[in-house]
Amino acid sequence: MRFPLKTICLFALLGALNLLTSSCAPHTPASSSPPSLNLPAPEANRDGSLVQKQQKLLSQGDYLAALSLADNGKGNSAELLRRALPGAYRQGEQMLAAQHYAEAGAAFAYLLTVVKENEATVTGGEVSGEELARKRDFCAEQLMVQGMNAYRNGLLEEAIGTWEQILAFAPDHEGAHKSLVTSRTQLTNLQALKKEDI
């Protein structure tokens, strides 16, 4: 379907106006979404069952899942943290190397929470909370680029989905919030224009 030049100009003007107003509006962070890691839900320790499940996950090499069985790792023993944190960090690194930025970002964000809650360090102090935050932010920026590429190619829904992935592990990411406001408004405007042309 082809739009008349007048309609295209109106659409561009609305998009620019929305971008301007959204950059001036106060930022309200979204509620924290769970990371996209498909981790088991935290559970209470009943008769050692938590420890047994964690030990099984550790033996299977699923360190992130072992940590996640306790709420933000708060119920984890120092021994479990010592064993699981380095392996969980390696899992995040593998996701990053495979360019699975949403999963890697969620892993690093989750590890950052565990490290802060337990005042722990990863791999004997070699990886700090600052390093985990840098890696989380790197993943967010890679997803921002992917979203912008989709946006520039007119793939608004794909761009929106990509930016929503960022907010799942970095709910305060301003760039993702602003981009989502603009692209959702443009998508709504496009859908309204299509209805008018029918």
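## Fold and overall composition

Helices here are DSSP runs of at least four residues, numbered from the N terminus. On that basis, this predicted model contains 8 helices and 0 strands, and its pattern along the sequence reads α-α-α-α-α-α-α-α.

Of the 198 residues in the protein, 40% are buried. The accessible surface amounts to about 11,400 Å², with carbon and sulfur atoms accounting for 54% of that area. When contacts between residues at least 6 apart in sequence are considered, 66% of them join residues at least 24 apart.

## Confidence

The average pLDDT of the protein is 78, and 71% of the residues reach a score of at least 70. Residues 1-35 have pLDDT under 50 throughout; for this segment the model has 38 contacts beyond four places in sequence. Where pLDDT is low, predicted coordinates should not be read in detail.

## Aromatic pairs

The structure holds 3 aromatic pairs. One of them joins Tyr 89 and Phe 108, whose ring centres are 5.9 Å apart and whose planes meet at 55 degrees, a tilted arrangement. This pair links distant parts of the chain: Tyr 89 belongs to helix H4 (residues 78-97) and Phe 108 to helix H5 (residues 101-118), with their positions 19 residues apart in sequence. Both Tyr 89 and Phe 108 are buried.

Another pair is formed by Tyr 151 and Trp 163, and it counts as tilted because the ring centres lie 6.1 Å apart with the planes at 45 degrees. Here too the pair links distant parts of the chain, with Tyr 151 in helix H6 (residues 129-152) and Trp 163 in helix H7 (residues 156-169), 12 residues apart. The burial of the two partners is as follows: Tyr 151 has 23% relative accessibility and therefore counts as partly exposed, while Trp 163, at 1% relative accessibility, counts as buried.

## Charge over a ring

Helix H4 (residues 78-97) also includes Arg 90. The charged end of Arg 90 sits over the ring of Tyr 63, at 5.9 Å from the ring centre.

## Packing of helix H7

Trp 163 is one of the buried residues of H7; the others are Leu 156, Ala 159, Ile 160, Thr 162, Ile 166, Leu 167, Ala 168 and Phe 169. An α-helix has 3.6 residues a turn, so residues three or four places apart point the same way. The buried residues of H7 pack against H5, H6 and helix H8 (174-197).

Note on methods. Residues are numbered from 1 along each chain as its sequence is written. This is a predicted model: local features need pLDDT of at least 70, side-chain atom pairs count only at pLDDT 80 or more; totals for chains, interfaces and linings use all residues. Side-chain values use heavy atoms; hydrogens and water are left out. pLDDT is the predictor's confidence in each residue, from 0 to 100. Contact means heavy atoms within 4.5 Å. Rings of Phe, Tyr and Trp (its six-membered ring) pair if their centres lie within 6.5 Å; planes under 30 degrees apart count as stacked, over 60 as edge-to-face and the rest as tilted. Helices (H or I, at least four residues) and strands (E, at least two) are DSSP runs, numbered from the N terminus. Buried means under 20% relative accessible area, exposed over 50%, partly exposed in between (1.4 Å probe, protein chains only). A charge sits over a ring if NZ of Lys or CZ of Arg is within 6 Å of the ring centre and within 35 degrees of the ring normal. Accessible areas come from the Shrake-Rupley method with a 1.4 Å probe; for residues, only the protein chains shown count as cover.
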